[in-house]
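Q: Could you take a close look at how one pair of helices packs here, and then set it beside another pair?

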Amino acid sequence: MRFLRWFCADSFLEEIEGDLNELFQEEVEAFGFQKARRRFLLKALRYVSPYFFGKKQLSIHHLYHPDMLKHYLKISFRHLFRQRFYSLINISGFAVGLACCLLILLYIRHELSYDRQYPEGDRIYRVLEEGMFDGELLKGAIVTTPLAETLLRDYPEVIQAARIAPELSEAGSNLVRTETTDKNSYEEGFVYADPAFLKMFQFPMIYGNWNALDQPHTMVLTRSKAERYFPGENPIGQHLILGNDTENPFKITGVMEDLPVNTHFQFDYLLSMEGVATAKIPNWGFSNFMAYVKLSPKADVPALETKMIQIIKKYQEPDYEEKVKAGEHHWYRLQPVQDIHLKSSDVFGYWVHGDIRYVRLFGAIAIFILIIAGINFMNLSTARSANRAKEVGLRKVLGSYRSQLAHQFLSESVLISLLSFVLAISLATLLLPAFNQLIGETLTIPWTNPLLFPVLLGATILIGLLSGTYPSVFLSSFRPAQTLKGQLNSGSKGARFRSALVVFQFTISIALIIGSLVVKQQIDYIQNRKLGFNKDQVIIIEDSYMLKNQTQSFEEALKEIPDVAYVSHSGYIPVTGYSRNGTGAWPTGTNPEETAVGLAKWYVDHDYIRTLGMEITEGRDFSIDMPTDSQAVILNQKAVDMLGFEDPIGRQITSYTYLDAETGKLLEATYTIIGVIENFHYESMKENIHGLSLVIGTWASTTLLKTSTVDMPRLLATVENTWSTFAPDQPFRYHFLDERFARMYTLEHRIGRIFTVFTGLAIFVASLGLFALATFMAEQRRKEISIRKVLGASVSSITLMLTKNFAILVLISQVLAVPIAWWFMRSWLQDFAYRTTMEWSVFVLSGLCALGIAILTISYQAIRAAVANPTDHLRGE
């Protein structure tokens, strides 16, 4: 019926409407209500004809004539200035939504731009190894030594192959100096690379060319590092000394441009893989490399992945088919280089990447905030409908067509949207530094991009049109006879629609509140969970390998400091970023092909367990007084379970030690189990605890200090003085173990902050919508309220009457939001092997927060309506 009234000329409407209503009543009796409605719709559509439009629908020429547009604009500005308060709410709500969208779109644009700058990058892939182990799908980007060379040799589709090794030998971090100084500087970002690596990715070179890594002990620097060590010079032919190894300096053979921020690579120094013995050994059991391949233009990637199974059958697992049947097999997969940054959250490898799920989440939040802002405009427009009803009636009486009025209201919507756009640009510019700090990026608004303003302007106009469609149809549908008599009635359907919009807004807001609380709860759970070691008041002194034969003397000097309880030397620390080593181990005397399990193998000293406060559940700790402990091992409980030992003390295990560079074979060693320690978390809690073995080692890159001081600055100064005594030319670098532990969950902390910020914004914008509906209801019921007051109703009872309906809407939102938020947050928690449980209190607290905010928002209009003088509204009755 509304559609019919919209297009049909007034001269035909009454007769057509009467006939259709009579037929509808007859068909309800004959066919039933639902079928009668469908037949009514078909009959109404038959009248969609220019004949019935008459003069009611103006031509496009008349509607968009410059004079008409000027008139629309003039009236729109006049209305905005007349209703300054509501215009401010409209514009500010829209502006906040648009600013949030703009900032989030900058973030999404940045995340989606990763690794798209390489020429022919759509043909470059990273090789992943995936497999089923103990019923779990595992993915890794670290592959075996000969894989890249084998792919290049055996498969014609592969036209280039190259490896990099971020943790091989001198890779990772180093103390660096030139040949002309004895003072070292600490640097990170060292990566070994095959000679073909530069040519495959075609990195822009400043000095040298893509063949710069063809010779052993050569190095390519980025521009910034070259400028740091050789300012204003061409460094080709110069040398850098790593780790004070003066006998094997690295010759600089190339300088490349600094890596852009939108690449998954994280290096400043490329070291040649040529001449590195472990990089040439054709051992399929040694994995320390990431492999990249470039395919021919017509290569069939799925077919190539299928053929790559032959590598496993030929070189790694001759019994591959049996392993497939047993569900314990692996395979290789090719990952497009553009997917590495956002689609590697479940891939074990080097460097930290983004997560496509968070990009989608933030995109959804941006859309929801924008929808909430649009809903606000609808509610605010219809809430002020009573004030504009007589205007509509008078203009219709004076000859205005409904289409003219609809376009007038759409013009107001677009004008508000455009004004909001200007304010949103300003807000986004002002808030960008804070947003960058929030997400840990350095985003900029691409002002020079010629598409920026046209796209934003077009989107803004489209949003204005979409959000203004319902108010324009609603306001232009008022009938003059009713509005001029003051008999405005928006109808129960309109009220239900507006209530549904508020429910939608608060459903999103409550879901975001629940998300924020669950993220905070999980972070608290991680920080307070029993780790299996004591991370508090432990100092990590970096680069202690530089002390060489003075390590023992340095340890004794540290032990003389009163506030130092224990000192330990080891590069294996239970937080990410430090040494890791995996090996195969099996009960001595058994067949390793049948009984071997994968264990982490850490080299520690005699005080390691005491320094970190680990708990020994069986057996004993290492002892300096027991020479045989050099061939002893301490296992965690997980390793004992994996090896199948019920009484492990005194049992022996055999494990691989290191790769023989001459023979290419893994050497073995036998150890006696002397103790078992409680399982402890040495990786992120997103991962299960794995089997671990501790053995005595003689080389360490770091020193651990367990302290009991209450004056940490004084202790650090004392330790630094001690360090300077033994290593005067080396920088003193330290970290606290608990801070390093917290860094493992930087992303989770950041997600929690982002959730909180956008939750607050969503609630703020949604509250504006609730304020609009409260305004509408107060205006609609002002005569009723006046009569109630005349009859003796108190202010509190009237306030409760107006507030009760909105509280019900919030409670409905709570009911809808809880299952939605529960499902999404349960999926997020699945990423953690060790996770909190979503308590009922989280859902109750979120509902109470939303209800409290809603009541505070409504109270202003409710109390204002309750205390108003009833004679002001009953004077004309």
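A: Happy to! Keep in mind that this is a predicted model. Let's begin with helix 20, which covers residues 551-559, and helix 24, which covers residues 712-726. Their axes lie 10 Å apart and make an angle of about 155 degrees. Angles over 145 degrees count as roughly antiparallel, and helix 20 and helix 24 are therefore roughly antiparallel to each other. The crossing of these two helices is right-handed.

Now for the side that each helix brings to the contact. Helix 20 contributes Ser553, Phe554, Ala557 and Leu558, and they meet Val719, Thr722, Trp723 and Phe726 of helix 24. Sorted by class, this contact of helix 20 with helix 24 holds six nonpolar residues and two polar ones, with no charged residues.

For the other pair, turn to helix 27 (residues 782-790) and helix 28 (residues 795-829). Here the packing angle is about 150 degrees, and the axes are 10 Å apart. That makes helix 27 roughly antiparallel to helix 28. Helix 27 passes helix 28 in a right-handed crossing. On the helix 27 side, the contact is formed by Glu784, Ile785, Arg788 and Lys789, while helix 28 supplies Ile798, Met801 and Leu802. The residues in this contact of helix 27 with helix 28 divide into four nonpolar and three charged, with no polar ones.

Conventions
Residues are numbered from 1 along each chain as its sequence is written. This is a predicted model: local features need pLDDT of at least 70, side-chain atom pairs count only at pLDDT 80 or more; totals for chains, interfaces and linings use all residues. Side-chain values use heavy atoms; hydrogens and water are left out. Axes are lines fitted to C-alpha atoms, for helices over the stretch in contact, and angles run from 0 to 180 degrees between N-to-C directions. Helices (H or I, at least four residues) and strands (E, at least two) are DSSP runs, numbered from the N terminus. Angles under 35 degrees count as roughly parallel, over 145 as roughly antiparallel, 65 to 115 as roughly perpendicular and the rest as oblique. A crossing is left-handed if the near helix is turned anticlockwise from the far one by less than a right angle, and right-handed if clockwise. Contact means heavy atoms within 4.5 Å. Ala, Val, Leu, Ile, Met, Phe, Trp, Tyr, Cys and Pro count as nonpolar, Asp, Glu, Lys and Arg as charged, and the others, Gly among them, as polar.
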